[in-house]
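Visitor: I'd like to know what sits behind the labels people put on a domain interface. Can we go through them one by one?

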Amino acid sequence: MRIARFSIDGNVAFGVVEGDKQDELVLDIIKGIPYGVDFELSGVKVPLSKVRLLPPVIGNKIVAFGRNYASHAKELGNEVPEAPFAFFKPSTAMIASGDDIQYPSFSEDLHHEAELAVVIGRMCREVPRERVKDVIFGYTCANDVTARDVQKREKQWARAKGFDTSCPLGPWVETDLDLARAGDLTIQCTVNGEQRQLGRTSEMTHPIEDLVVNISEAMTLLPGDVILTGTPAGVGPLHVGDEVAVTIEGIGTLTNKVVKRG
Ligand code: ZN
């Protein structure tokens with residue numbers, strides 16, 4: 001099931017996306033918030049083309065893992081970390097598919113990083129490996145937009161990876177993928193239609209289970225929290241006017257335009 005979050009006429013709701021053709025998709029509005037419960041559908045339907053998509057989660061935190069694909073660690077001259085290695089992006093960095101990425105004023109080298117995002121469905125802590133599947137709500141596409149020059153210059157990545165609009169997420173959360181399937185999907189990034197990144201989630205050094213075990217060992221995860229799982233090789237520059245798209249097999253395509261910060 002594909003679950004989107006959206007606004008229409010000033011109201012915000014979640015809905016189940018129905019249909020196959022992009023221009024004929026319809027949302028069946030969900031009653032309440034769908035995390036960790038058997039939610040009810042209202043039966044009220046609106047065309048997707050009539051709503052504004054919002055980031056598909058109400059997130060408390062975004063935990064991102066660095067250098068989790070050997071091919072990407074190497075292309076930037078970094079070692080592949082032996083243990084998973086996490087950093088934060090603030091919830092204020094989130095934008096939806098269709099929203100603009102604002103080029104930060106303090107960078108001259110903005111990069112795309114296509115990533116599979118895991119969405120947590122229930123409050124959890126110290127999750128054992130075999131229970132990881134029970135705490136995952138679903139999966140969506142993410143772009144871990146990075147000011148690469150700032151990342152190199154500053155020890156902590158709060159500014160380089162945490163500026164407003166640095167975390168496009170969407171277009172919706174796919175809840176029907178099991179862990180085995182989520183761990184073996186094609187992930188792709190294009191800029192202005194030209195392919196920049198192409199990989200498979202099976203190339204992760206530390207698979208999804210290990211990432212959830214690693215972070216939940218340290219902190220409580222809440223429904224709607226997001227875990228970014230690293231990016232395959234091919235990261236590269238974004239310029240004002242570019243259209244960047246992250247496509248993950250079985251989930252969908254997240255598209256954003258880069259604009260000058262106004
Ligand atoms: Zn990343």
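Here is a short chat about the contact between two domains in a predicted model.

Visitor: What makes this a two-domain chain, and where are the bounds?

Guide: The assignment divides the protein chain into domain 1 (2–54) and domain 2 (62–260). Their C-alpha centres lie 24 Å apart. In the contact, domain 1 takes part with 13 residues and domain 2 with 12 residues.

Visitor: Why is the pair Asp 99 and Arg 52 called a salt bridge?

Guide: The cut-off is 4 Å between a side-chain nitrogen of Lys or Arg and a carboxyl oxygen of Asp or Glu. For Asp 99 and Arg 52 the N to O distance is 3.2 Å, so the pair qualifies as a salt bridge. Between domain 1 and domain 2 the count is one salt bridge. Polar contacts come to two residue pairs.

Visitor: How do you know which elements of domain 1 touch domain 2?

Guide: Look for elements that give two or more residues to that side: they are strand S1 (2–8) and strand S5 (52–54). By class, that side of domain 1 has nine nonpolar, two polar and two charged residues.

Visitor: What is the area buried between domain 1 and domain 2, and which atoms give 65% of it?

Guide: About 1,000 Å² is buried there, with carbon and sulfur atoms giving the 65%. On the domain 1 side, Arg 2, Ile 3 and Tyr 35 supply 53% of the area buried against domain 2, more than any other three residues.

Key
Residues numbered from 1 in each chain as written. Predicted model: local features only at pLDDT ≥ 70, side-chain atom pairs only at ≥ 80, totals over all residues. Heavy atoms only, no water. Domains from an automatic or database assignment. Contact = heavy atoms within 4.5 Å. Buried area = accessible area lost by both parts, 1.4 Å probe. Polar contact = N/O pair within 3.5 Å; in protein donor to acceptor, adjacent residues only side chain to side chain. Helix = DSSP H or I, 4+ residues; strand = E, 2+ residues; numbered from the N terminus. Nonpolar A, V, L, I, M, F, W, Y, C, P; charged D, E, K, R; others polar.
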